[in-house]
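The following exercises are to be worked with the sequence and the structure at hand. Each task is followed by its solution in steps.

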Amino acid sequence: MLKNLPKTSYQLSICEANFLRLKKILINFDSDNYEYETVNNSLSHNKVIFKILQKSKHTLIIEAKQISSKMKGINNFTLRFQVCLDAKLAEVISYQGEKPIPFFLKNSFIQSKDEKIQQNRFLTEWLESILASGIDTSLKI
């Protein structure tokens with residue numbers, strides 16, 4: 001568990017929990033590409049694709065997509081997140097094609113703190129829904 005200040009503890013706990021969910025879904029990050037279909041009894045089945053875009057000793061940049069088979073465009077989205085393997089954190093860096101701001105540039109007003117929290121919370125809820133509904137691992141590529 002990371003030591004943190006009260007202002008950052010909520011955000012860090014979300015990022016820590018997302019790391020654990022991703023590690024479970026992506027089977028310890030053993031592959032560079034994953035393709036699943038959610039298994040549920042609803043009318044729509046969603047294809048879920050994870051692709052590792054960049055890999056280093058301590059970090060991964062992963063792009064995740066959900067593509068709905070029945071509800072064209074409504075449940076489709078793309079997001080990117082950075083996974084810090086040594087710190088065991090996963091944080092959203094881009095949502096719906098929004099470009100991430102490079103770390104060496106000063107923060108701009110493109111993304112507010114609240115938007116960052118909402119995006120990480122969205123990742124939490126999406127990963128939880130994948131785990132709750134189940135995934136067909138036979139589609140793994």
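**Exercise 1.** Determine which residues Asn18 contacts, leaving aside its neighbours within four places in sequence.

*Solution.* Step 1: with contact taken as heavy atoms within 4.5 Å, the partners of Asn18 are Ala90, Asn120, Leu123, Thr124 and Leu127. Step 2: the model is predicted, so that local features need pLDDT of at least 70, side-chain atom pairs count only at pLDDT 80 or more, and totals for chains, interfaces and linings use all residues. Residues are numbered from 1 along each chain as its sequence is written, and side-chain values use heavy atoms, with hydrogens and water left out.

**Exercise 2.** Establish whether Asn18 is buried or exposed.

*Solution.* Step 1: the relative accessible area of Asn18 is 0%. Step 2: buried means under 20%, exposed over 50%, and partly exposed in between (1.4 Å probe, protein chains only). Step 3: Asn18 is therefore buried.

**Exercise 3.** Find how far apart Asn18 and Glu91 are in sequence and in space.

*Solution.* Step 1: in sequence, 73 residues separate Asn18 and Glu91. Step 2: in space, their C-alpha atoms are 7.8 Å apart.
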